[in-house]
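Grab the model, open your viewer and try these exercises before reading each solution. Every solution goes step by step.

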Amino acid sequence: MRRPIDVATMFGVLWLLGSMVIDVLTPKELTVYMIAAATAPAVIVVGLCYYLQFPMIDFAMILATFWLAAAVAIGWISPKPLPSFIIAGALAPALIAGAVLHWRRYRSGESWRKLAYPLSARRSRASMGSTEKQDQASAHATPPSDQDSATGTTMWPINTLTDPERNG
């Protein structure tokens, strides 16, 4: 079990160490106090997510996002332009987290097409025996040509908006 005092101490020490390392890498006009103030919200949110035991993937994405936000805040408060390698350091966690997520999805065989349908719809389609080609064909299907003689409309009401002959 994660104790709040342990988590606060751990993230406080990491925050202080990170502020000092960034102070060494940035121009002298940007002090450790300015850096600490810019990174404090990110460290607090990430520490809270760690304490609440977010799943590892979610935690990595939150960490990468707040690291990038802290780097933008440091660049915003800096009186002088920052070195170019700071940009690489700010983007590295987000790129690494994105690459790991992409690799995991690639290795698991998931596709973005599978995620387009809710799980319940995928199960009902699978139980009906439809294939991916049938799913794609039904997505690109044209409206039925038989019309209801009483009302003069098709089953798809959007056709009354797009067909100028029917709009009268």
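**Exercise 1. Find where α2 (32–51) is kinked, then work out which of its residues are buried and what they pack against.**

Step 1. Walk along α2 to Thr39, where there is a kink of about 40°, shortly before the proline Pro41. The bend at a residue is the angle between axes fitted to the seven residues ending there and the seven starting there. Helices here are DSSP runs of H or I with at least four residues, strands are E runs of at least two, and both are numbered from the N terminus.

Step 2. A quick word on the ground rules: this is a predicted model, in which local features need pLDDT of at least 70 and side-chain atom pairs count only at pLDDT 80 or more, while totals for chains, interfaces and linings use all residues. Residues are numbered from 1 along each chain as its sequence is written, and side-chain values use heavy atoms, with hydrogens and water left out.

Step 3. Thr39 is also among the buried residues of α2, along with Ile35, Ala36, Ala38, Ala40, Ala42, Val46, Gly47 and Cys49. Buried means under 20% relative accessible area, exposed over 50%, and partly exposed in between (1.4 Å probe, protein chains only).

Step 4. Those buried residues pack against α1 and α3, with contact meaning heavy atoms within 4.5 Å.

Step 5. Now look at Tyr33, also in α2. Tyr33 counts as exposed because its relative accessibility is 69%. Its C-alpha atom is 9.3 Å from that of Met20, 13 residues away along the chain.

**Exercise 2. What is the sign of phi at Gln53, and where does Gln53 sit?**

Step 1. Gln53 follows α2 and has its place in the loop between α2 and α3.

Step 2. Its phi is positive, near 60°, and the residue isn't a glycine.

Step 3. Gln53 counts as partly exposed, because its relative accessibility is 48%.

**Exercise 3. Which residues make up the largest nonpolar core, and which elements give two or more residues to it?**

Step 1. Pick out Val7, Phe11, Val46, Cys49, Phe59 and Ile62: these six residues make up the core. A nonpolar core is a set of buried Ala, Val, Leu, Ile, Met, Phe, Trp, Tyr and Cys residues joined through side-chain atoms within 4.5 Å.

Step 2. The elements giving two or more residues to it are α1, α2 and α3.

Step 3. Centre your view on Val46, which touches Phe11, Phe59, Ile62, Leu63 and Phe66, leaving out residues up to four places away in sequence.

Step 4. There's a second, separate core of five residues, including Ile22, Leu30, Ala38 and Ile74.

**Exercise 4. Compare the end-to-end spans of α3 (56–77) and α4 (85–108) with what you'd expect, then see how α4 packs.**

Step 1. The expected span of a helix is 1.5 Å times one less than its number of residues. With 22 residues, α3 should span 32 Å, and its end C-alpha atoms are 31 Å apart, which agrees.

Step 2. For the 24 residues of α4 the expected span is 34 Å, and the end C-alpha atoms are 34 Å apart, so that agrees too.

Step 3. There is still a kink in α4, of about 35°, at Leu91, shortly before the proline Pro93.

Step 4. In α4, Ile86, Ala90 and Ala97 are buried, and the buried residues of this helix pack against α1 (4–25) and α3.

Step 5. Zoom in on Ala97, which is buried because its relative accessible area is 10%. Setting aside neighbours within four places in sequence, Ala97 is in contact with Ala60, Met61 and Ala64.

Step 6. Turn to the α3 side: Phe59, Ile62, Ala64, Ala70, Ala71 and Ile74 are buried there, and their cover includes α1, α2 and α4.

Step 7. Just after α4 comes Gly109, with a positive phi near 85°.

**Exercise 5. How many helices and strands does the protein chain have, and what share of its residues is buried?**

Step 1. Count eight helices and zero strands.

Step 2. Of the 168 residues, 18% count as buried.

Step 3. Among contacts with a separation of 6 or more, 52% come from residues 24 or more positions apart.
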